[in-house]
Amino acid sequence: MGRLLVIGCGGVAQVAIQKCAQNNKVFTEMCLASRTVSKCDALKEKLEKQGCPVKITTATVNADDVKDLVKLIKEYQPDAVLNVALPYQDLTIMDACLECKVDYIDTANYEPEDTDEPVWRAAYEKRCKEKGFTAYFDYSYQWAYMDKFKEAGITGLLGTGFDPGVTSVFVAYAKKHYFDEIHTVDILDCNGGDHGYAFATNFNPEINLREVSANGSYWEDGHWVETKPMEIKRVYDFDKVGQKDMYLLHHEEIEALGRNFPEIKRIRFFMTFGQSYLDHMRCLEDVGMLSTSPINFEGKEIVPIQFLKALLPDPASLGPRTVGKTNIGCIFTGVKDGKEKTLYIYNVCDHQECYKELGSQAISYTTGVPAMIGTALVMSGQWKKPGVYTTDEFDPDPYMEMLNEFGLPWVVDENPVLVD
Ligand code: NDP
């Protein structure tokens, strides 16, 4: 018997919620809460029409406001809170979970909405100098909750999407079953899907464009090496997708893996992009449309990237028109029983099959399924451990089994082509 409060009802949340409904041994009751409650009501109606056995209620919540969150949590009394709103709300939701002593799960690490806020900015600039990477997000804000979560006896599971999330579980699984020592990890995220628009993003445009337009970086010999955006390009032939251009990005799981697996000498992350996406992004950036700093427009303050988000297609609406497949996974090199070894673990997911099953495209699907899995493992007690952890810090086996069971089967290739 488990009662879950889900915060957010966008593209990822809608998959996570529908997958929780399929796993009704663990999730028996759910409250869907978001800023726009009509999205929660529509999903509740869809699930009820399908005869979903989970008891569903809905609520309006402002997840930027700890008091509002605490009020809702106290009223609903959930066993866990799944945050599938935006990274901006991570800390307010963690604070509310702490106050109410309820387990917390999310899919993306904290970044502030306002990157000009002076206190945050000063800490950010210090961190850029000390750590050597300039992304707006880092784990320090959430790792700072470790002792408070331990004292409260609650679990915080951070970043249980696909990347981060599944990719980090792949690392733990490779280490447990295939390697005595892992030396390098290349995380490859390929989206071979086509939605027919000249330009659209597959998840929240603001978060996506902030990530992709930032400097790249990778982890080597215990420190960060930073690159210009899209400076490092490789071409890779992906199973079931074909040959694609991919570019090195900074990505959040590198930070946790670098800390938790000090034996790994190099960790890189590559994502595929088509030329049209890159041309549009560069043009938007050149004219200032990706800026997160407010400007005054005809007497009203607007943030350019938020205005752009309003113009772009809602990622949750891309499902019916996206065709093709994603292929996301990790290539490892290392040593087993004194011999050098390579390994590739990956999942291939088809956009149209996701649409047929749940009405969403594969990016929301590949994030929402692991969000459900991580939540189920915390709620069932298998991944319950007071403190704040990423997915590579638990036993990977039950997670890997659930990926197969809930629509994201994975493949192990013991002779992969490596990335140079
Ligand atoms: P969407 O923009 O589609 O959905 C966000 C949802 O959160 C919306 O329902 C929105 O409400 C709600 N929301 C936003 N602000 C608030 C607030 N202050 N109070 C209450 N609700 C709020 O985003 P996605 O579904 O694309 O992404 C969700 C999360 O998943 C993000 O954190 C993203 O970074 C993460 N992600 C993780 C990936 C991974 O592999 N780890 C991959 C892709 C995404 P409204 O409807 O009113 O806008």
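Trainee: What is the order of the strands in the open sheet of seven?

Mentor: The order is β3-β2-β1-β4-β5-β6-β17, with parallel pairing. This is a predicted model, in which local features need pLDDT of at least 70 and side-chain atom pairs count only at pLDDT 80 or more, while totals for chains, interfaces and linings use all residues. Residues are numbered from 1 along each chain as its sequence is written, and side-chain values use heavy atoms, leaving out hydrogens and water.

Trainee: Why is one side of β3 and of β17 left without a neighbour in the sheet?

Mentor: β3 (55-60) and β17 (387-390) each have a single partner strand, so they stand at the edges. From one strand to the next, the twist averages 15°.

Trainee: How do you know that β2 and β3 are joined?

Mentor: Two strands pair if DSSP finds at least two bridges between them. Strand β2 (residues 29-34) has six bridges to β3, so the pair qualifies, and the two run parallel. One residue pair to look for is E29 with its bridge partner K55 in β3.

Trainee: How does helix α2 run relative to β3?

Mentor: Helix α2 (residues 37-49) lies across β2 and β3, at about 170° to β3. Angles run from 0 to 180 degrees between N-to-C directions, with axes fitted to C-alpha atoms (for helices, over the stretch in contact).

Trainee: Which strands join in the hairpin of β8 and β9, and how do they run?

Mentor: Five bridges link β8 (residues 216-220) to β9 (residues 223-227), and the strands run antiparallel. W219 has W224 in β9 as its bridge partner. Two residues stand between the strands, and D221 takes a positive phi near 50°.

Trainee: What makes the phi of Q77 worth a look?

Mentor: Most residues other than glycine have a negative phi, and most peptide bonds are trans. Q77 has a positive phi near 55°, and Q77 lies in the loop between α3 and β4. The peptide bond from D163 to P164 is cis, with omega near 10°; P164 sits in the loop between β6 (155-158) and α8 (166-177).

Trainee: How many residues surround the ligand?

Mentor: There are 28, the closest being C9, T36, K39, A63 and N204. To count, a residue needs a heavy atom within 4 Å of the ligand.

Trainee: What makes K39 a polar contact of the ligand?

Mentor: A polar contact is a pair of N or O atoms within 3.5 Å (within protein, one must be able to donate a hydrogen and the other to accept it, and residues adjacent in sequence count only if both atoms are side-chain atoms). A polar side-chain atom of K39 is 2.7 Å from a ligand oxygen, so this pair qualifies. A backbone N or O atom of T107 lies 2.9 Å from a ligand nitrogen. Taken alone the ligand exposes 930 Å², and the protein buries 93% of that; areas come from the Shrake-Rupley method with a 1.4 Å probe (for residues, only the protein chains shown count as cover).

Methods. Helices (H or I, at least four residues) and strands (E, at least two) are DSSP runs, numbered from the N terminus. Contact means heavy atoms within 4.5 Å.
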